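Q: I'm new to this structure and would like a close look at just one part of it. Could you pick a helix and walk me through what surrounds it?

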Amino acid sequence: MTQKPPPTLRLRLDTSALAENWRALDRMSGSARAGAAVKADCYGLGVDRCVPVLRDAGAASFFVAHWSEVEMVRRHVEPGSIAVLHGPVRPEDAAYAFATGVVPVINSLHQAKVWQDAGGGPCHLMVDTGINRLGLGMHEIGSELVQSLDVRTLMSHLACADEDSGMNAQQLAKFRDVVGQIEHREASLSNSAGIALGKDYAFDVTRPGLALYGGVPRAELEGQIGQVAYPEAAIIQTRQLEAGDRVGYNATFTAQRAMRVGVVSLGYADGFLRCWGGAHVVHDGKCLPILGKVSMDMIVIDLENAPDLHEGDWVSADYFLPDAAQQTTLSQYELLTLLGTRLKAK
Ligand SMILES: *Cc1c(COP(=O)(O)O)cnc(C)c1O
């Protein structure tokens, strides 16, 4: 069989930082235990690479959004430790939960009915305390159907935990009220940013996602969370420009002087969007400006500061998430989840 050549782009993961981030968030959760949000393929970084690391660090609750995400995660952890946030909308969803042993999150009276009609059993319950997304209304908790559920984890979700908003305390008060109204084994309110709001918000289980993967949603987490994801790509051509030469689609960059440039195999199809135009990549601590527009499969960079770089050498996107978000105006969540499949291909 013909051997495939190695790729010219890759997503390097610092798995020690990933484990350390989980431990830091678990510590900050006080007497609560930290779980891990592993939806969207671990925020784009890859379930197969991240879930075993989180499991070995000590995580014992894993949150996915879709039923389709169960299969990948189940290869690495006990099915009973997997919670499906979108819940059983259709009878097939409930049947799949029974067949696999994963635990649905019940979000509405409709979902409660689907679950109980299918036979019921242990489930989680999401109550809406103000985000008005998924979750049972506060006024619905008293219903017989809801009271008949066997609730393991009673949850709610904060809308503004990454801001100093009055809504945080309001949601906390409402959730405390809910906790007194329905039997459950444990309670859970906080995502990554919620953990930074302090022990009042921790309850029994926390659900960090973003910060596991290197995101810093609140200042309190600065210095506690390490970068995990490093998109890297190789130079596939170098060329010499003369003053007046222009670069890329729509010729938006014009060389002011003779300069050596490199063509790097990373583009917007890999999630390196056009908003990176005018920014830089890094090599060996040096910033190498991106010239002109980002193409689908490549960018052109200024090699003035790196005369030692040639075809086949690697550069890194500057992907420290808080800074990258400022640079691009994308959110830290988007910067992770948009990373493309070619970056992860072997
Ligand atoms: C995605 C998600 C989380 C994780 O949130 P982060 O802000 O990424 O830490 C926690 N809980 C629920 C219900 C979620 O949907």
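A: Before we start, one term: contact here means heavy atoms within 4.5 Å. Also keep in mind that this is a predicted model.

Let's take helix H3, residues 47–57. Its buried residues are Val47, Cys50, Val51, Pro52, Val53, Leu54 and Ala57. What do they pack against? The buried residues of H3 pack against three strands and three helices by name: strand S1 (9–13), H1, strand S3 (36–37), helix H2 (39–43), strand S4 (62–64) and helix H4 (70–74).

Now zoom in on one of those neighbours, helix H1, which covers residues 15–28. Two packed helices are described by the angle between their axes and the distance between the axes. For H1 and H3, the axes come within 9 Å and cross at roughly 45°. Angles from 65 to 115 degrees would count as roughly perpendicular and those under 35 as roughly parallel, so H1 and H3 are oblique to each other. As for handedness, H1 passes H3 in a right-handed crossing.

Who does the touching? On the H1 side you'll find Thr15, Leu18, Ala19 and Trp22, and on the H3 side Arg49, Cys50, Val53, Leu54 and Ala57. Sorted by class, that contact has 7 nonpolar residues, 1 polar and 1 charged. If the spacing of those numbers catches your eye, here's some background: an α-helix has 3.6 residues a turn, so residues three or four places apart point the same way. Cys50, Val53, Leu54 and Ala57 turn up in the contact with H1, and these four are also among the buried residues of H3.

At the end of the helix, look at Gly58: just after H3, this residue takes a positive phi of about 130°.

Finally, follow another neighbour outwards. Strand S1, one of the elements that the buried residues of H3 pack against, pairs in the antiparallel sense with strand S11 (residues 229–241) over 5 bridges. To find that pairing on screen, go to Leu9, whose bridge partner in S11 is Ala233. S11 has further antiparallel partners. With strand S18 (residues 314–317) there are 3 bridges, and Glu232 has Ser316 as its bridge partner there. With strand S14 (residues 259–264) there are 6 bridges, and Gln237 stands opposite Val263. So that's a path you can trace: from the buried residues of H3 to S1, and from S1 to S11.

Definitions and conventions: Residues are numbered from 1 along each chain as its sequence is written. This is a predicted model: local features need pLDDT of at least 70, side-chain atom pairs count only at pLDDT 80 or more; totals for chains, interfaces and linings use all residues. Side-chain values use heavy atoms; hydrogens and water are left out. Axes are lines fitted to C-alpha atoms, for helices over the stretch in contact, and angles run from 0 to 180 degrees between N-to-C directions. Helices (H or I, at least four residues) and strands (E, at least two) are DSSP runs, numbered from the N terminus. Angles under 35 degrees count as roughly parallel, over 145 as roughly antiparallel, 65 to 115 as roughly perpendicular and the rest as oblique. A crossing is left-handed if the near helix is turned anticlockwise from the far one by less than a right angle, and right-handed if clockwise. Ala, Val, Leu, Ile, Met, Phe, Trp, Tyr, Cys and Pro count as nonpolar, Asp, Glu, Lys and Arg as charged, and the others, Gly among them, as polar. Buried means under 20% relative accessible area, exposed over 50%, partly exposed in between (1.4 Å probe, protein chains only). Two strands pair if DSSP finds at least two bridges between them.
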